[in-house]
Structures are given as C-alpha cells and as structure tokens.
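Here are some exercises on domains and chain copies. Work through each task before you read its solution.

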There are 2 protein chains.
Amino acid sequence: MTPVKIGILGLGTVGCGTINVLARNGTEIARRAGRDIQVVAAAARDIQRERECDCSQIRLTTDPAEVVNDPEVEVVVELMGGTDLALSLVLAAIDAGKHVVTANKALIALHGNGIFERAQEKGVMVAFEAAVAGGIPIIKAIREGLAGNQIEWLAGIINGTGNFILSEMRDKGRDFEDVLAEAQALGYAEADPTFDVEGIDAAHKLAILASIAFGIPLQFDRVAVEGISDITREDVGFAAELGYRIKHLGIARRTPKGYELRVHPTLIPERRLIANVDGVMNAVLVHADAVGPTLYYGAGAGAEATASAVVADLVDVVRALTTDPENRVPHLAFQPDALSDKPVLDLAEVETSFYLRLRTQDRPGVLADITRILGEHGISIEAILQREPDPERGEATIIMLTHKVREGAMNEAIAAIEALDHLLTPITRIRMEGLAR
Amino acid sequence: MTPVKIGILGLGTVGCGTINVLARNGTEIARRAGRDIQVVAAAARDIQRERECDCSQIRLTTDPAEVVNDPEVEVVVELMGGTDLALSLVLAAIDAGKHVVTANKALIALHGNGIFERAQEKGVMVAFEAAVAGGIPIIKAIREGLAGNQIEWLAGIINGTGNFILSEMRDKGRDFEDVLAEAQALGYAEADPTFDVEGIDAAHKLAILASIAFGIPLQFDRVAVEGISDITREDVGFAAELGYRIKHLGIARRTPKGYELRVHPTLIPERRLIANVDGVMNAVLVHADAVGPTLYYGAGAGAEATASAVVADLVDVVRALTTDPENRVPHLAFQPDALSDKPVLDLAEVETSFYLRLRTQDRPGVLADITRILGEHGISIEAILQREPDPERGEATIIMLTHKVREGAMNEAIAAIEALDHLLTPITRIRMEGLAR
C-alpha cells in the first residue's frame, strides 16, 4: 500500500523525537499498521538550524500554513505549542479535510470543544494522546479500555516537574526553592516555572481526563487550581511522620450533585502505589465501577516518550482513515450528543479531609480554643501531633488531621481561628485523600 | 441505530458479571459506543440454577452450539473455559462469519495461531483483552498504545493467586502451604492449585503478551515455567534483608539471538514500583525503546473486573463491524505476514543474576570450595550473607547474590557444588532481575 503522508508543525524536541522514532522504528510500525508513515513536510521557525533529527527527505518551510495546505499531506501533526496560531492552523487543517494529531494540552483544554465540533462536521479525526501524561496511553485506556465502566474518580500525578520537586524535598529534606533551581538547571522546569508549579499545566490535562472519563464538555475554567510553591520542607516531614506523602494531584470525581475538578497538593497514604511514583514520572489512578482501581505509570514528558504517543495516534488515524466517521471512537469518548450537562462543583462544595499546621503562641487554652472552633463548624479531628514547644521563642507547632468536611466549612473555621490572637502565622492547610475507593 | 446482539457461552462468574455490567452501565456504554449491546442468548450447563444476574430477557439453552448458530447473534462471547469444546465452538462461530470475544487464556495461548488464521480468512475479529490480567487494558496498551515502539522487554505479575501467597508470606512471615490453604478458603485459589502456583496460568498469559509485544507467533510450549511452591519463608526473609522482594514474574525479552519467555519466582529490588504490587492485584511493566518504562496495574481476576475487559472488547468489535478487515488492528498486533521467525531461546541460554541459598556443614574450607567452583564457571559474586553458624547442629547457611551469568553455566556450577560432600540439602536458586532497563 502507499505510505500515509504527514506534515509536522514545529520541529522542537517532540517534533524531532517524532521524526526519529518514525525513522528508527519505521519497519516495526509498518509491521503493525500495515502501511508506512512518511513525513513529507515540516514547518519550523528556523529551518537552517542544526537539529537532532534527519530532515533531509522532508520539505521544510517557515510557513506552517504551507504544510497545512500541502496537497500531499493527509495528516497534520501539530507540535508547535501555544494556542493562537496553533488553533487557526488546526482549524484550517480540519477545514481542508485533513486529520490532526496534536500534543498540545493547552489547545485541547481551552479550545477542544470547538475543535471537535468542527472535526465532527468535517468527518475528520483529531487525536491527542500525547497531550496528557506523555507516553502513557492514558487517553486510550480510559476512552476504550474502560469503556464498559462508569468511572467514579481519577487522581493523577500529571506534572513531572512538580513531582520531581516534591520527591526531592521528601528524599533529601530540601527546600522548594532549592529544588526548583536544580530542576531548572536540569531542564525539567522552564525558566518561568509558573505553568508547572502553580498547576496550570496539570489543570489543562485534568480538564481533558475528566471530560473523557465522565462524558462532559471540556471545562478548564472550572478547574480549581492550587500550586506547590507554598509547600514547605516542614510539611513534607510532618506528613511522612504521620504515614503520608504529599503529591501534586489532579483529581476528578463524579458525585450525585456534579463533578469535582481540582489540582492541589494532597496528602496520600504512603502505602498507596501512586504515593511511590517519584521523580519526573507520571501516573494516573482511575477508579471505575466494574474494574475497580487501575493505575497507569510512565514518562510524562521527554522527546521520545511524547513521540511514542504521537506515533500511536498516527497509527490509529491511519487505521481509521477508511472507516465510517460514525463508528470511530468519539473525540471525548462519548458521542457528542450524549454529553452530561451536570455542573462542575465549586471548591467550597467539595468534601475532603485536611492536614492543618498551626504555629501558635505557647500558652494555656490555645488548643482548647482551636478545637472548640473546629467543633462549632462540624469538623472532627482524627489525629493531633503536637511538637515539644520552644520555650525560648514561646511558640508551639500543632498538626491536625481532620475527618471529611465541606471545604466551605473549613474556610470559615480557619478564618475564625486566624482571628484569635494565638496564631503567629496563617494556618497551612493541605487536602488529604485516602484514594482507597 | 439497532442494538448489536450478542450470545454468551458460559454463565459462570464472568458470564454473570458481563450480563450485570451490560445491564447496569448500558446507558453509559451506549453513550460511548453509539449503539446498545444486547444479550439475546446464552448457554450454560444448568439453566435452572439460581444466578446472580438477571437472565429473564435472554434465551437460555444447555446447548452452546444453539447460541453460535442463533441467526440473531452477531458476536459470540466465549466465557466457558477449557480448550476442547471452546475451540470447536469458537471455530464454528468464525466459520459462521461471527465475531468472537473470549476471556480464555488457555484457548488463545494453545490454539490462537490457528484461530486467528481462520478469523483472518473469514474477515472476522477475535478479541481477547480479558484473557490477560483481567480488567487491565494491557492488550490494548501494548498493541495500540505503544505501536510506535520497539518493545524490549516486559515483566508481569499476571497471576493473582501466586502474588497473594507471596505477599502474605512476606508481610506475615507465613509458610507457603499455610497461605495456600487460606487462599483456597477465600476462593482465590482453586481446589487444584497447580495452574496458579506452578505457573501454567501465568505462562498462558505470558505467551500472549510476548506475541503481541514482539510480533511472534504464540509459542506456549516454549515458555520456561517454574512455580512458587518451593519458595520458603526463609528465602522471602533473606531477600527482604538484602533489599529485595520475591515476585512470581512472567518475563519476555527480545535479545539479538532470539526471545526469552519465562515464568519463575524472581528477586526484584524493593524500590521498584512493581515490587510493591501486593495481594491479588496484577501489574505489567513494559520497557519500550521510545517511551521507556510504563506500568499497568489493576485487578487480574474477579467477575466484574474481567467483565470490564469483555465489554471493552465488545465496544471495539461493535465500532469495527463496518470497517474494512484490512484496516483493523491485527489480532497479534502485527500484520500476519509480518511476524518474526527468530527463535525462542532455551532457558540455558538466558542470562540473569541469581540468589543462591546453601545449607552446608560448618567446617573450614567450605566457602573456599564453593567460591572456587563458581569462579571456575565464570560466575562472580556480588554479595554474600553468612548466618552465624549453628554449632550444635554443625551447619551454616550461606546466601550469595551473583552477577549475571548464563543459566547453563549456573546449572553446571550448581551440579559441581552439590557433588561436594559439604552440602546438607540441594542449593536453592532464585533468579534476579533489576528491571531498571
């Protein structure tokens, strides 16, 4: 059979990784797909630059529209990132009747609903396995592998940079800023680390996962997001003492009232498999009604790991080229006319347990006042850890683990406790999840 | 659209689980698949029996051929087990142009090559996700999710009973026989536990995984199999002391000379994620050239976990009903005319590290004799752990970890050491794998 001809937009790390994987494993891939996949055109900002991939057989251009409009190109692979130019190029490809493979999580999280609607009209596929958790086939697992299940919740370590930082803080007792600087030096974190450490990147991915798990439209703007920049070495240590690890999780849960979508640091029991996913690795734990818990682990970033997902999408697209669009796997796992319109809940409505760390004056009555206020807000305490007070400074540190409580009630209780004059600093609070069921 | 009509052969645990999942999640499944899936006929040995699923809308028969020949049945779901009757029914279904979904690992491992050839001729699909690792979508992950990779090796905990026994032995310091009896009482192990504890069941699954990972024909008879019935509490304890856990792994590896296919107890470093997969849970670690390591974890057995995989296959089959057979995912991941004919290696050719436990007389020169013989066979020692000898009994226990060595050389060395008159019992040897790359 004739090879399928593709064009790539963006020749950065993942673009070159994709070209290298297709070249090195071309025979292996054709043995599976039954057809060769051939890169015929590619666009990059600087086409003169030395690259770590062989582009000698590829028509290079600085104008991405040229690749999209290239009559030979059947599938457009968008690996340029960003959401403005990428969006218009992806829509142009769809309008030209071309299939699209993209690794762009921001693009899908922010503009996916519109993109998929247009793709649906035009009968083309838009595949985005590489947008979430790099090389882990998590989109395919949820969308197809668990198709018989009602998915109840999922929790994922879906940002490698954040996980690297938290792992180092625990293993070596280091501070956040210190590890962040190392992550930047190692190339794991960007010069501007906001997207990674403040949870935006994870929120993009969580919005996508929630959508395919529950059959809801993409709702990035409804994801509650909290980063890890306020996590201290102290909290990591206390958590460990209590048998927990702190992980930056993206969590999506189905409840009778609606959906929870949230990204935040989370204390989880150290015995859980996902608590032992360290360094830059990613993992997604999915709890579904028939199969129970399943976990998917692997590299969440990197040139070839991401390329692995891009190529898997290409093989899927190649196989489905001749199929009736109605029988293809729907973009968001559920048929477009069968999406749920239940709301995403406000964070104040979400129920979790909490870890609280309070730095207080060391004087009688402090603990009584605090526990009274918690009690008044219906918050019961599961464990208290009080450090030997420091008499010279006249201060004490109290750690409390609470039972489940509505976040709104916790907000009020914290405000009331902070209004006491016992507190030396604002209360640190970190949500907890058992992840058992 | 009209519902897809299916017939089920076998109404045991998984059969009933499948009926229950289809009933409970019917809406959810149709939201994904775009069509309803309806069970119209089923065969069971005893159709009068009370069952834990509602069969009131299903035509029941004691004659499975009736289901296969039922003109309304488009997809035959084989959940009866066994390899004789199941084989003839599956072939009859294929000959009648019907698609097949099966959870029968023995059937696929032993007769898959012939079944797939017949299915290929007839243009029908035979799906078998449920045959390996229960609800974990491992077949789909390897066959489609990693389609861009050359898979280098995989190692799986693919028998829940064996993993439960080894986990209990380690956690509670119990003996093999003691835990096996409990597993039987809990219903995890069969009255005749041979298939589980001697590794036959795992070997069936490994043959299937290796085939789809490497693109080789199914070769169950070439899998080297060793069970866990000789593992002692003592070995589990020594392994822990050295930082290892003993797991019953199925391992498949590509080497320049051919493929390794083996099932045996294995010492693995306790820090590995897969070393922490406990109880009846399964996990498969796959190492592939582009994506690196990925791991898939979940329930390997159970009514609804297995049904989850059966239903996922049904949805896949339903989607592909109208597709051109040439564009479907090949049964064994690779196009039938593109399978590799490199051989499966004899176990004697395989290189691994070893854990050796020797019970010897406590007298001078014993260790010197043993290390000399190992040296003569090119075996170097990485660690030695010698227990305080028991002077009353006049015996000593020596634990050795070796570097990598060809199994054939190890066999010769062990024979030579056992020919010395120092040894009080035969040498215990357990293979070791780093699983790092």
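Domain bounds come from an automatic or database domain assignment. This is a predicted model: local features need pLDDT of at least 70, side-chain atom pairs count only at pLDDT 80 or more, and totals for chains, interfaces and linings use all residues. Residues are numbered from 1 along each chain as its sequence is written.

**Exercise 1.** Find how domain 1 and domain 2 of chain A are placed and joined.

Solution. Start with the bounds: domain 1 of chain A covers 4–137 + 303–338, and domain 2 covers 142–298. Their centres, taken over C-alpha atoms, are 27 Å apart. Next, list contacts (heavy atoms within 4.5 Å). Domain 1 of chain A gives 19 residues and domain 2 of chain A gives 22 residues.

**Exercise 2.** Which residues of domain 1 of chain A lose the most area to domain 2 of chain A?

Solution. Buried area is the accessible area (1.4 Å probe) that two parts lose on being put together, summed over both. Between these two domains it is about 1700 Å², and carbon and sulfur atoms give 72%. Ala109(A), Val132(A) and Ile136(A) lose the most on the domain 1 side, together 30% of what that side buries.

**Exercise 3.** How many salt bridges cross the interface of domain 1 and domain 2 of chain A?

Solution. Apply the rule: a side-chain nitrogen of Lys or Arg within 4 Å of a carboxyl oxygen of Asp or Glu. It finds one salt bridge across this interface. Separately, check a pair: Lys105(A) forms a salt bridge with Asp201(A), with the closest N and O atoms 3.8 Å apart.

Note on methods:
Chains are lettered from A and ligands numbered from 1 in the order in which they are written. Side-chain values use heavy atoms; hydrogens and water are left out.
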